[in-house]
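Visitor: I have a structure open and want a quick tour. Can you walk me through it?
Guide: Sure. Here it is.

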Amino acid sequence: MDKSPQRLAAVDSAQAGRGVGRGVTYVYEAPVRLWHWVNAAAILVLGVTGYLIGTGTPAMPGEASGNLLFGYIRFAHFSAGYVLSVGFLLRIYWALMGNSHAMQIFCVPLWRRCFWREVYHEIRWYAFVAVEPERHVGHNRLAQLAIFFMFTQTMTFMVVTGFALYGQGAGDDSWQYALFGWAFAIWPNSQDVHTWHHLGLWVIVTFAVVHIYVVIREDIMSRRSISSIISGERELRD
Amino acid sequence: MGEATDTFYGVIRRQGITRRSFHKFCSLTAASFGLGPLAASTIANALETKPRVPVIWLHGLECTCCSESFIRSAHPLIKDALLSMISLDYDDTIMAAAGYQAEAILEETRARYKGKYVLAVEGNPPLNEAGMFCIDGGKPFVEKLRSMAEESMAIIAWGTCASWGCVQAAKPNPTGATPIDQVITNKPIIKVPGCPPIAEVMTGLVTFITTFGKLPELDRQGRPKMFYSERIHDKCYRRSHFDAGQFVEEWDDECARKGYCLYKMGCKGPTTYNACSAVRWNGGVSFPIQSGHGCLSCSEDGFWDKGSFYDRLTTIRQFGIEKNADQIGMAAAGAVGLTVAAHAAVTAVKRLTDKAHRAAHKSKPN
């Protein structure tokens, strides 16, 4: 899934030597890239196990004492949930400590006129109207908008509702319930929290479909996307 | 109705119950609360010295299933609860007095036990049309509720009606039926949800209040923690089948016969806070899951409006169609997937034509 830390470090140390001369910019720092892939893996696990938890598995034969299939699925879901949550916290920390691109997914300048002009241009580009894409170093503005509203917000929502539901099982004297139990003040019947948590899964799935498609398309059209979340560099060609 | 100084013990002895039986009762009650061995004597002492707490039991929009459940309590027996423990001064369904005589008791209690009586409310008041959908003693029930709540010590909201609204508050709620805590906001309210609540939960709560003279610890939603701090799922005897991944698929399949988990049949145990799986019903005989049917979540907020009883996800009506989260999500993801595929196709075509165009353009000057 991910490159080894040593190699990431090696890539990082090499940054100083890379010039701006050939149109290469260092965009995604090592912590952002590491988070991206760990997060992607966690989402994959959470999505699959979450769907299974929601729908149930085919009956296992034999004694109940001899099986723990659902228990393992739930364990995988909860573990991946912890990994994702801790990663998300570190990512927020890095948004404050890292370069300006690290902040992109948390802060969208909706109040700037030029932001909306660039969004408009990007829409025209994807609608095959514009001939040239916006030449961006980090995320393009349309992507930033989608990431913020479909990913960042949903992720926060999933962490909160996820821990609230986990708190139900852990008991109302657990820290999970103390910290996230307020979700049940909004939806007193936790069935609704389950329902929203399910909808959140589908928002993430939808986002992932679009994200992966757009990234591959961009890589083919301008050869500058996928490589940048691996190496951190983005090359602006032609 | 009785002297103010009347104690429980006095009443109990008058009914011919021996001191020995009295202590047995105290031990049993202490054990059912899960209290230590010394608590039995504390309870005995309280019952011997404390005056009985007057209880006024009002009925609003309801079906009387709470009363039906209450009178079937086995631990303590309802006769003990009703005739010895509390001074049930008013309950129009089961009291002997009627008409003006009955209504006079309300005024009497209100004046004589100011701030000392417990108001138990079964059902809820409808607020539309100035409360005309529920007339009780010639007046809208909401007025009676407000006036009796004013001087009460605390209010017990019996059942899902009084706690959440229940069936009469289900959409579209034509009468404007409203849970008690949204009508009375200045008194402590104990919610005892369930349709009906478990008999032993009801009498257990009454015993607690009369014994200790205070309200039990309540959870975030105002329910007594001792009965509503865990879900049906947490104490379910079929939980091992849930963890093992052994589920009933059809009502009459092999797995149903083996008593597997009813999760896939829409059992709401994992989202329902109640004591059914611990206390059970009818003197501990059974509870719905033990009888082979999933939990309906009757003690949770708005359980009539959450879609099918056999589906674990809430029905979403905002889209004009009745779908659950998975169906909507899958449709959305599918639509986006198709859009992406179409977009990819257009991109490919455009790229090919552009290339051909560019190649033609390049070859010209040569």
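Guide: One term to start: helices here are DSSP runs of at least four residues, numbered from the N terminus. Just after H9(B), B:Gly213 takes a positive phi of about 65 degrees. Keep in mind that this is a predicted model.

Visitor: OK, H9(B). How many residues does the helix have?
Guide: It has 14, residues 199-212 of chain B. From first C-alpha to last, H9(B) reaches 20 Å, close to the 20 Å expected.

Visitor: Is H9(B) largely enclosed or open?
Guide: Largely enclosed by the rest of the structure, because twelve of its 14 residues are buried. Among them are B:Met202, B:Leu205, B:Val206 and B:Ile209. Polar names turn up too, including B:Thr203 and B:Thr207.

Visitor: What does H9(B) give to the largest nonpolar core?
Guide: Six residues, the largest share of this core. The core has 84 residues. B:Leu119, B:Val121, B:Ile156 and B:Ala157 touch the most other members.

Visitor: Which domains of chain B does this core draw on?
Guide: Domain 1 (8-228) and domain 2 (230-312), with at least three residues from each.

Visitor: Back to B:Ala157. What is it in contact with, leaving aside neighbours within four places in sequence?
Guide: B:Val121, for one. Others include B:Ile180, B:Ile189, B:Ile190 and B:Val192. B:Asp181 and B:Lys191 are also on the list.

Visitor: New topic. Where do chains A and B touch?
Guide: 35 residues of chain A are in contact with 42 of chain B. On the chain A side, helices H3 (69-97), H7 (183-186) and H8 (190-222) each give two or more residues. H8(A) has the largest share, 15 residues.

Visitor: How do the residues on that side of chain A divide?
Guide: Into 17 nonpolar, 15 polar and three charged.

Visitor: Any odd backbone? Start with cis peptide bonds.
Guide: One joins B:His75 and B:Pro76, with omega about 0 degrees. B:Pro76 sits in the loop between H4 and H5 of chain B. Another runs from B:Lys171 to B:Pro172, omega near 5 degrees. B:Pro172 is in the loop between H8 and E7 of chain B.

Visitor: And positive phi outside glycine?
Guide: B:Cys166 has about 55 degrees. That residue also lies in the loop between H8 and E7 of chain B. B:Arg280 is near 65 degrees, in the loop between H13 and E8 of chain B.

Visitor: Is B:Cys166 buried or exposed?
Guide: Buried, because 27 other C-beta atoms lie within 10 Å. B:Arg280 has 17 within 10 Å, so B:Arg280 is partly exposed.

Terms used
Residues numbered from 1 in each chain as written. Chains lettered and ligands numbered in written order. Predicted model: local features only at pLDDT ≥ 70, side-chain atom pairs only at ≥ 80, totals over all residues. Expected span 1.5 Å × (residues − 1). Buried ≥ 20, exposed ≤ 12 C-beta atoms within 10 Å, placed from the backbone. Contact = placed C-beta atoms within 7 Å. Nonpolar A, V, L, I, M, F, W, Y, C, P; charged D, E, K, R; others polar. Core = buried A, V, L, I, M, F, W, Y, C linked by C-beta atoms within 7 Å. Domains from an automatic or database assignment.
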